[in-house]
Amino acid sequence: MSDWLSATAGPLHGEVRVPGDKSISHRAVMLAALAEGTSRISGFLEGEDTRATARAFAQMGVRIEAPQPSERIVHGVGLRGLRAPTGPIDCGNAGTGMRLLAGLLAGQAFDSTLIGDESLSRRPMYRVTGPLEAMGVRIESASNGLPPLKIRGNSELRGIDYEPPIASAQVKSAVLLAGLYAHGETLVREPHPTRDYTESMLSAFGWPIEFGPGWAKLSGNHRLRALDIEVPADFSSAAFFIVAATLVPGSEIILRDVGINPRRTGLLHALRAMGADIQGANTRAVGGEPVADLVVRHAPLHGIEVPLELVPDMIDEFPILFIAAAAANGTTRVRGAAELRIKESDRIAVMAEGLRELGIRVEETPDGAVIEGGKFSSGEAESAGDHRCAMSFAVAGLLARERVRIRDCANVATSFPGFMDLANGCGFRLERTP
Ligand code: S3P
């Protein structure tokens, strides 16, 4: 088990380019594999999650070259060109990998099995298997709809008009990817708009699709044409540096090339409402996605009630928002975020427990928490193998009385390999325990 120590540190300074966006990297490999021709992906996230997705396609006969780190050349096999995998496909820790692959494998002429690590094996899959079964595929799961998923591929799927009960980009994407193989039209209407990378990337790869905030519509059996893709830096990885520079007095950090898709940047609105000083500069479009350099300077924060409508747009940022709230003046309330309980860990419970260990008063609620701002004492925080909780506690360590020990940090490599070096490069004092 890999533990980290994060020690109190002075002002943070520097320019940071965090690794490529995880959501976009997964989708880029998937669509490039199904396209006709050769696609080049630059800025690909070399994380365990996205590498597992690339391996899945290699297992199904797609040739993928890695000429240098963060670059992939994908020799697409066309929509119907995948081969039956020789064994189970291991999605590792990746919910996105498993749920999107389930959609895509539903329409194949072969059967497949998706497996995952201990954390992924506890995450609900019914949210995708339900609508996919309604489209005509049979999927066997373990009890309660948990992985592994045995997918009895059906190349004669039917389009669906689907309204997911929860706002989930993974569910929307799984249904749309199955819709590529379906007769007729597939329409997804969301209760709240979620990240639209699948829709915009399908369109960029030449698939006819209509979409807007909260809805998307496509019909099956068209073609994808190879495309070169530049992946922006992952906002969710930048978030740890945004909060760190905000909290540590005297800090100023520039984060380069950060993807600022509005469905991802709810944290910016929440932090600004708390008093943060975050400026966007050099805003531009990269591969159709809005990107900016973010300049973050220290500013004192005060607690807020996180607006409900921001929750889906910052769903991955609650662990680090909890740290910001714990260091703010006054009380922060989070509601409407029950989804956090079924992420890589139960993020409400893990963050509440870790913060209490560090001397912060936190009251858990079924769908959020009430956090009283205070001072971090030294202590130990259990990350429960959750990459985002581990990195969040590393930020808390910057302000702790002496240092914070963070348990079980190996999974940081799923989304942010190299976090420790980048963090130390701008002034963190983070080390692995001997
Ligand atoms: C993702 C969607 C979100 C997010 C996850 C990545 C995606 O999950 O939490 O980290 O790439 O589609 P949900 O769809 O479960 O909200």
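This is a short tour of the pockets, ligand, cavities and two backbone details in a predicted model.

**Stop 1: the largest pocket**

Start by selecting A167, S168, R195, I315 and K343, the residues that lie nearest the centre of the largest pocket. Show a surface there if you like; the volume of this pocket comes to about 620 Å³. In total, 38 residues line the largest pocket. To see which elements they come from, colour α1 (22-34), α3 (95-106) and α5 (169-179), since each of these gives two or more residues to the lining. What is the make-up of that lining by class? Charged residues number 17, nonpolar residues 11 and polar residues 10.

**Stop 2: the ligand**

Now turn the ligand on. Which space does the ligand take? The ligand occupies the largest pocket, so you can keep the view from the previous stop. Select the shell around the ligand next: S23, R27, T96, R99, S168, A169, Q170, R195, I315, D316 and K343. By class, this shell holds five charged, four polar and two nonpolar residues.

Three contacts are good places to pause, each involving an oxygen atom of the ligand:

- S23: an N or O atom of the side chain is 2.7 Å from a ligand oxygen.
- Q170: here a backbone N or O atom lies 2.9 Å from a ligand oxygen.
- D316: a polar side-chain atom sits 2.6 Å from a ligand oxygen.

How much of the ligand does the protein bury? On its own the ligand exposes 380 Å², and the protein buries 95% of that area. If you still have the helices coloured, keep them so: α1, α3 and α5 are the elements that give two or more residues to the shell around the ligand.

**Stop 3: the second largest pocket**

Hide the ligand and select L247, A327, G374, K375 and L399. Of the 15 residues lining the second largest pocket, these are the closest to its centre. The pocket holds about 250 Å³ of space. Its lining is made up of nine nonpolar, five polar and one charged residues.

**Stop 4: the cavities**

How many cavities of 30 Å³ or more does the structure hold? There are two. For the largest cavity, select D21, I24, Y197, P232, F235, G259, I260, N261, R264, E289 and P290, which form its lining. About 40 Å³ of space lies inside. Colour these residues by class and you should find six nonpolar, three charged and two polar.

Then move to R27, L31, L100, L177 and T198, the lining of the second largest cavity. This cavity has a volume of about 30 Å³, and its lining divides into three nonpolar, one polar and one charged residues. You have already met R27, as it is also among the residues around the ligand.

**Stop 5: two backbone details**

Switch to a backbone view and select P147 and P148. A cis peptide bond joins this pair, with omega about 0°. Where does P148 sit? Look in the loop between β8 (138-141) and β9 (149-152).

For the last selection, go to N221, in the loop between β15 (215-219) and β16 (229-230). Check its phi angle in the viewer: the value is near 65°, which is positive in a residue other than glycine.

Technical notes. Residues are numbered from 1 along each chain as its sequence is written. This is a predicted model: local features need pLDDT of at least 70, side-chain atom pairs count only at pLDDT 80 or more; totals for chains, interfaces and linings use all residues. Side-chain values use heavy atoms; hydrogens and water are left out. On a 1 Å grid over the protein atoms alone, a cavity is a set of points where a 1.4 Å probe fits but cannot get out, and a pocket is an open set with protein on both sides within 12 Å along at least five of seven lines; lining residues have an atom within 4 Å of a point. Grid points are joined across faces, edges and corners, and a volume is the space filled by probe spheres set on the points. Helices (H or I, at least four residues) and strands (E, at least two) are DSSP runs, numbered from the N terminus. Ala, Val, Leu, Ile, Met, Phe, Trp, Tyr, Cys and Pro count as nonpolar, Asp, Glu, Lys and Arg as charged, and the others, Gly among them, as polar. A residue is near a molecule or strand if one of its heavy atoms lies within 4 Å of it. A polar contact is a pair of N or O atoms within 3.5 Å; within protein, one must be able to donate a hydrogen and the other to accept it, and residues adjacent in sequence count only if both atoms are side-chain atoms. Accessible areas come from the Shrake-Rupley method with a 1.4 Å probe; for residues, only the protein chains shown count as cover. A molecule sits in a cavity or pocket if more than half of its atoms lie within 2 Å of its grid points.
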